[in-house]
Amino acid sequence: MKNISKLFLAVFATVVIISCQKEDEIGPNDKNSLSIEFDNRIGDQKLVLGSTKAKNALGEEFTVTKLNYFVSNITLKNENGEIVKFPNDYFLVRQSEANSLIITLKDVPAANYTELAYTIGVDSLKSISDVSQRTGVLDPASYGTDNMYWSWNSGYIFFKMEGTSPAIPANNMMGMTQYELHIGGFGGRTAVTPNNLKTLKFTLAEAATVRKDIAPEIHIINDVTKVFSAKNKISIATSYMIHAPAAGTVIAENYAQSFIVDHVHNDKE
Amino acid sequence: MKLKILTLSFSSVVYLGVACKSDNSQDISPDQLFAVPANFPNPVYDFSKNPITQDGFELGRQLFYDGDLSRDGTISCAECHSQPSAFTHHGHDVSHGIDNLRGIRNAPPIQNLAFQKEFFWDGGVFDLDLFPIAPIENPVEMDEKLGNVLEKLRKKEKYATLFQKAYGSKEITTERFLKALSQFMNSLVSANSRYDKYVRKEVGGTLTEEELAGREIFKQKCASCHSGELFTDQSYRNNGLAVYNAEDIGRARITQNPKDNYKFKVPSLRNVAITAPYMHDGRFYTLEAVLRHYNESVLDVQTLDASLKDGQKLGIQTATDEQTKLIAFLKTLTDDEFLKNKRFAAP
């Protein structure tokens, strides 16, 4: 009896140990997906397009009616310093499309990822690529009336934010009733032009642990009030229409700082 | 030279109807889709990504002449780019687009685009394949969305057949649509003017004494910018025009560099005699007016091209008889075979 219980204990312990090991074990061929949620906010409020009101650093009240941006060139670095790149994954985040707010990388090798980086925009190589490579969210035919491509100055609009504000001068020259911030500019193909590509890097306080049975989700908060104030104080009264790369640089410098990693979910499937 | 031979041999493999020619005296017969004229530089366009085929060319031609590329079906590419005027909008300083709206620039000819590295007066588009999106989506030109255009084409039975023939399946995609237009536009090569035949020593290539004298004056006074066989160095320059529209800052609109303010692309002079009016905004209705500008009204503006202020007087001075000779020479650049080639006409 004693022996049997000893044996039972031993077996039990072994099972526990094996299963514990299994949980942490990173099989060389294990893969899973990893998602990034873009939680666009307006200060400490939920961003509801056309509704939520907030003030920028200069005290100008505004709403957001449109918010779109490209996310590309995502890289993940694991605790051993190994980098995984996703050069062919281009995402277009549109606040008006709930499905677009969570982006998913497929077949991510199992590892503990402690760093994340991504570019807001479409890199220069893709921006000059043959039209055969412009499919999915990069297809200029896919934007309808909410355009993300400059046909007159070949290139994508990396980041677009529009909205209302009482600060916009009445009877302004351009007849604008909304502010329009359209930021693009990949540096030019045949001439040097402004480059507003921004690559954002984050250290994950809590690693994203991709396992055979764990598909982590990194939760990112993007506070759009910072688009007006993170580095450069932007006045809507004077900068209500930005449609060209040079003028957009101050905005790009701002949104480069408007994103933070809030937390990581490592829930088992 | 080696490159040219390579291109030529490449051409003969890829392009339908291009006969192999071992000598350099290559003239383009009307049934060829594309070939590099013997006196031309190498093409800029990467044909390996979009070789011209007879069916692709035909699809492109149908699209070029189709009003459904515009919002209300009224404006095709050919509206502002008409063949008898070397695919310009003859007689219009700026073109009338949809709803009779006007743009701010003069429609340039569509010719020899395969040799051009950038498009528009300001060079804002760097790839011919990406070009058509601009007029299609410009609110004063065709005012349509590319996606809608493709939807409309998908509903027309004719295009199911044409896309099938050109690409092997009926599927209509952005790439297929744009590349078919490129195939048609790339085939629009103008290289059979009397001048061309003269330099290639071909039959019909005789220039009069006056035209030859004009050519000598041209070489001395014009060819530093209107250089080579394309008659442009494809640079952007300010030629001292009075600013009529301060907002149109030309090349600086793209580079956003104040040094490029009011600079516009040096246009090719091929078919120049029949592509009036002239300049980026079509302000001069005759070649005489252009030469008069260079003689007497070049302004000393901030970004004025250095070549226009190296003499005692600003601009380029020509005597009356020199002007007559110059214009006689420029008229030898008119390519009637190109202007009347039925293969480029409305289907």
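In this predicted model, the side chain of A:D139 reaches across to chain B and makes a polar contact with the side chain of B:T174, at 2.4 Å. A:D139 sits in the loop of chain A that runs between α2 (124-127) and β10 (149-150). Setting aside neighbours within four places in sequence, the contacts of A:D139 are with A:R134 and B:T174. What is the nearest side chain of opposite charge to A:D139? That turns out to be B:R154, 6.6 Å away, and A:D139 is left buried with no salt bridge. The cut-off for a salt bridge is 4 Å, so B:R154, at 6.6 Å, does not make one with A:D139.

A salt bridge does turn up elsewhere between the two chains. The rule finds 1 across the interface of chain B and chain A, and the pair involved is B:K179 and A:D130, whose side chains meet at 2.6 Å, N to O. Polar contacts add to the picture, with 6 residue pairs found across the interface, both partners at pLDDT 80 or more. On the chain B side, the elements that each give two or more residues to the surface touching chain A are α4 (133-137), α5 (146-154), α7 (174-186) and α10 (252-255). Of these, α7(B) gives the most, with 4 residues. The residues on this side of chain B split into 10 nonpolar, 5 polar and 10 charged.

As for the interface as a whole, 25 residues of chain B are in contact with 29 residues of chain A. The two chains bury about 2,200 Å² between them, and 58% of that is on carbon and sulfur atoms. In chain B, the residues that lose the most area to chain A are B:F126, B:L130 and B:Q256, which together account for 28% of what that side buries.

A few backbone details round things off. Two residues other than glycine have a positive phi: A:D107, at about 55°, and B:F87, near 60°. Their settings are as follows. A:D107 belongs to strand β8 (residues 102-109) of chain A, and counts as exposed because its relative accessibility is 54%. B:F87 lies in the loop between α3 (77-80) and α4 of chain B, and counts as buried because its relative accessibility is 0%. Chain B also has a cis peptide bond, joining B:A276 and B:P277, with omega at about 0°. B:P277 is placed in the loop between β2 (264-265) and α11 (287-297) of chain B.

Technical notes: Residues are numbered from 1 along each chain as its sequence is written. Chains are lettered from A and ligands numbered from 1 in the order in which they are written. This is a predicted model: local features need pLDDT of at least 70, side-chain atom pairs count only at pLDDT 80 or more; totals for chains, interfaces and linings use all residues. Side-chain values use heavy atoms; hydrogens and water are left out. Contact means heavy atoms within 4.5 Å. Buried area is the accessible area (1.4 Å probe) that two parts lose on being put together, summed over both. A polar contact is a pair of N or O atoms within 3.5 Å; within protein, one must be able to donate a hydrogen and the other to accept it, and residues adjacent in sequence count only if both atoms are side-chain atoms. Ala, Val, Leu, Ile, Met, Phe, Trp, Tyr, Cys and Pro count as nonpolar, Asp, Glu, Lys and Arg as charged, and the others, Gly among them, as polar. Buried means under 20% relative accessible area, exposed over 50%, partly exposed in between (1.4 Å probe, protein chains only). Lys and Arg count as positive and Asp and Glu as negative; His and the chain ends are not counted.
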